[in-house]
Amino acid sequence: MASVASTLSWNSSSWLQSFGGNANEPPARCSDRRTTFVILAQKKAKKTRAIILKEDIAELGKKGELLHVKAGFYRNYLLPTGKAQIVTPVLLKEMKMEEERIEAEKKRVKEEAQQLALIFETVGAFKVKRKGGKGKQIFGSVTAQDLVDIIKAQLQRDVDKRIVSLPEIRETGEYVAELKLHPEVTAKVRVNVFAN
């Protein structure tokens with residue numbers, strides 16, 4: 001108990017000195033001074049953890065996302081189930097490298113789509129022959145699959161028919177089809193329909 005009292009007296013004297021008082025002065029003199037003490041209260045610090053998700057979690061985030069979650073949620077749920085891990089400088093560096101690799105891959109795919117669009121647009125027109133009817137009409141219609149087959153025959157390129165957007169073709173003439181090669185790249189292709 002004596003050590004606690006000495007610690008308190010030492011602390012109070014050093015505290016009093018920090019405000020300009022003298023620890024050796026008698027307490028009566030200290031009470032005559034009218035000193036105002038301001039006591040500041042601090043909020044309780046929020047305990048959160050910076051984590052990276054290892055898999056998609058409903059209403060929390062997607063795999064690879066950087067989040068701040070409460071420490072208890074991480075400790076009691078995410079850590080035991082292996083769904084997240086604490087962010088470290090090494091992990092951040094790996095994430096940055098992975099993001100750069102993904103961006104480079106996206107850029108490469110877009111450039112390939114632009115080159116393919118240029119090839120399609122420089123070919124000119126793809127010719128489609130159909131059995132003719134009265135006037136300019138043809139039997140049946142020209143479909144996206146027909147255009148895909150012609151592209152494969154002429155350019156030896158495989159194209160998915162779902163990316164081909166054709167107007168309704170039921171007569172001879174020249175039409176424009178669109179091939180959506182990439183979300184940002186669309187190639188316009190001319191289609192000439194002839195009756196034989």
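**Entry 1: the end of α4.** I began where helix α4 stops, and found that α4 is followed by Gly124, whose phi is positive, near 105°. I note at once that I am reading a predicted model, and that every value below is computed from it.

**Entry 2: the span of α4.** Going back along the helix, I looked up its length: α4 has 34 residues, and the distance from its first C-alpha to its last is 50 Å, close to the 50 Å expected at 1.5 Å a residue.

**Entry 3: the buried side of α4.** I then asked which residues of α4 are buried. The list I obtained holds Leu91, Met95, Ala113, Leu116, Ala117 and Phe120. Looking for what these buried residues pack against, I found the strands β1 (48-53), β3 (84-86), β4 (125-130), β8 and β9, together with helix α5 (144-155).

**Entry 4: a pair within α4.** Turning to charged side chains, I recorded a salt bridge between Arg101 and Glu98, whose closest N and O atoms are 2.6 Å apart. Both residues belong to helix α4 (residues 89-122), and, being three residues apart there, they are separated by about one helical turn. I checked the accessibility of each partner: Arg101 is partly exposed, with a relative accessible area of 48%, and Glu98 is likewise partly exposed, at 37%.

**Entry 5: a network.** I next looked up Glu174 and Arg190, whose side chains meet in a salt bridge at 3.7 Å, N to O; I accept this pair because the cut-off for such a bridge is within 4 Å. Glu174 lies in strand β8 (residues 173-182) and Arg190 in strand β9 (residues 185-195), so the pair ties together parts that are 16 residues apart in sequence. Arg190 is partly exposed, with a relative accessible area of 39%. I also noted that Glu105, Arg108 and Glu112 are joined into one network by salt bridges that share partners.

**Entry 6: Arg170 and Glu168.** I looked up one further pair, Arg170 and Glu168, which form a salt bridge with the closest N and O atoms 2.6 Å apart. Are the two partners buried or exposed? Arg170 counts as partly exposed, at 46% relative accessibility, whereas Glu168, at 61%, counts as exposed.

**Entry 7: the count.** Finally I looked up how many salt bridges the model holds, and the count comes to ten. As a general remark for myself, side chains of opposite charge can pair when their charged atoms come close.

Technical notes: Residues are numbered from 1 along each chain as its sequence is written. This is a predicted model: local features need pLDDT of at least 70, side-chain atom pairs count only at pLDDT 80 or more; totals for chains, interfaces and linings use all residues. Side-chain values use heavy atoms; hydrogens and water are left out. Helices (H or I, at least four residues) and strands (E, at least two) are DSSP runs, numbered from the N terminus. Buried means under 20% relative accessible area, exposed over 50%, partly exposed in between (1.4 Å probe, protein chains only). The expected span of a helix is 1.5 Å times one less than its number of residues. Contact means heavy atoms within 4.5 Å.
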